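Reader: I have a protein model in front of me and would like to learn how to read it feature by feature. Could we go through it slowly together?

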Amino acid sequence: MKIYDWFDGPYPARVRIALAEKGLLPKIEFVSVNLWTGEHKEPEFLAINYSGTLPVLELQDGTRIAECTAITQYLDSLEGSLTLTGETALEKGLIHMMTKRAEIEFLDAVSVYFHHATPGLGPKVELYQNAEWGAKMGEKATRGMCYFDNLLRQQPFVAGDKFSMADIAVIGGMIFASLVKLPVPDECDALRSWYAKIQDRPSYKTWSALVDQGAPAK
């Protein structure tokens with residue numbers, strides 16, 4: 001299998017962490033597409049993924065799967081038990097619900113804030129910016145942090161008692177918020193505590209070590 005991504009991107013981080021959780025990293029060939037220089041918006045990559053987003057999973061037969069949730073669902077189903085996307089109907093429903101909420105209420109809101117309220121990826125990529133809309137999305141992301149803080153006061157993980165794809169989506173939000181210097185509200189103690197525990201997981205440490213190296217995986 002092949003994955004097109006960039007080593008420190010917040011969305012690629014979701015799939016990298018999922019791969020580490022499943023023990024699949026050794027089976028992947030990574031192809032670097034530089035997010036910060038806008039390489040993912042060039043015609044060559046748009047021919048691979050029409051949406052111009054990372055990551056993209058490419059199978060041996062040439063089939064390509066984009067979108068973090070879809071990629072994680074595929075990877076989780078390859079072998080062994082379904083550890084990230086739920087085994088029972090109830091688990092699957094809750095995990096997918098909370099993953100979507102993590103994206104809409106937090107991670108994607110941070111992304112819009114980045115692309116509209118900051119210089120983003122520069123004029124080559126940011127062909128249109130609306131600073132007011134970006135600021136509103138920054139506020140939404142902050143409300144999202146408070147929502148997940150309240151949730152994590154009641155249960156150990158985002159979708160219940162088990163670490164799942166939903167937690168990984170919130171991890172993506174935390175990574176992105178840190179990158180754009182969008183602060184976690186002081187009162188979000190539960191969210192901070194949860195994230196500190198997450199950062200001790202081997203899967204997170206594997207991704208973090210790669211980022212610390214400052215170079216894409218070969």
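Author: Let us begin with burial, and keep in mind that this is a predicted model. At 1% relative accessibility, Thr99 counts as buried, because buried means under 20% relative accessible area. Thr99 lies in helix H4, and, leaving aside residues up to four places away in sequence, Thr99 touches Arg14, Thr69, Met165, Ala166 and Ala169.

Reader: How many residues apart along the chain are Thr99 and Ala166, and what distance separates their C-alpha atoms?

Author: They are 67 residues apart along the chain, and yet their C-alpha atoms are separated by 4.2 Å. A useful pair to set beside this is Phe45 and Ser111, which are 66 residues apart in sequence and 20 Å apart in space, C-alpha to C-alpha.

Reader: Is Phe45 buried or exposed, and which residues does Phe45 touch?

Author: Phe45, which lies in helix H2, has 4% relative accessibility and therefore counts as buried. Not counting residues up to four places away in sequence, Phe45 touches Tyr4, Val33, Glu39, His40, Gly52, Thr53, Leu54 and Val56.

Reader: I would like to turn to a whole helix now. What span is expected for helix H5, and what span does H5 reach?

Author: Helix H5 covers residues 131–152, which is 22 residues, and from its first C-alpha to its last it reaches 31 Å, close to the 32 Å expected at 1.5 Å a residue. At the start of H5, a side-chain oxygen of Asn130 comes to within 3.2 Å of the backbone nitrogen of Glu132.

Reader: Which residues of H5 are buried, and which helices do they pack against?

Author: Among the buried residues of H5 are Gly134, Met137, Gly138, Lys140, Ala141 and Gly144, and further along the helix the list also includes Met145, Phe148, Asp149, Leu151 and Leu152. The buried residues of H5 pack against helix H4 (89–117), helix H6 (165–179) and helix H7 (189–198), and H4 is the helix in which we placed Thr99.

Reader: What describes the way in which two helices pack?

Author: Two packed helices are described by the angle between their axes and by the distance between those axes. Here, helix H1 (residues 10–22) and helix H8 (residues 202–213) pack at an angle of about 130°, with their axes 8 Å apart. That angle makes H1 oblique to H8, and the crossing of H1 and H8 is right-handed. In this packing, Ala13, Arg16, Ile17, Ala20 and Glu21 in H1 meet Ser203, Tyr204, Trp207 and Leu210 in H8.

Reader: I would also like to read the backbone itself. What holds for most phi values and most peptide bonds?

Author: Most residues other than glycine have a negative phi, and most peptide bonds are trans. In this model the peptide bond from Leu54 to Pro55 is cis, with omega near 0°, and Pro55 lies in the loop between helix H2 (43–46) and strand S3 (56–58).

Reader: Where is Glu67 placed, and what is the phi of Glu67 near?

Author: Glu67 is in the loop between strand S4 (64–66) and helix H3 (68–76), and its phi is near 80°, a positive value in a residue other than glycine. Glu67 is partly exposed, with a relative accessible area of 47%. Lys181, in the loop between H6 and H7, also has a positive phi, of about 60°, although it is not a glycine. At 70% relative accessibility, Lys181 counts as exposed, because exposed means over 50%.

Note on methods: Residues are numbered from 1 along each chain as its sequence is written. Side-chain values use heavy atoms; hydrogens and water are left out. Helices (H or I, at least four residues) and strands (E, at least two) are DSSP runs, numbered from the N terminus. The expected span of a helix is 1.5 Å times one less than its number of residues. Buried means under 20% relative accessible area, exposed over 50%, partly exposed in between (1.4 Å probe, protein chains only). Contact means heavy atoms within 4.5 Å. A polar contact is a pair of N or O atoms within 3.5 Å; within protein, one must be able to donate a hydrogen and the other to accept it, and residues adjacent in sequence count only if both atoms are side-chain atoms. Axes are lines fitted to C-alpha atoms, for helices over the stretch in contact, and angles run from 0 to 180 degrees between N-to-C directions. Angles under 35 degrees count as roughly parallel, over 145 as roughly antiparallel, 65 to 115 as roughly perpendicular and the rest as oblique. A crossing is left-handed if the near helix is turned anticlockwise from the far one by less than a right angle, and right-handed if clockwise.
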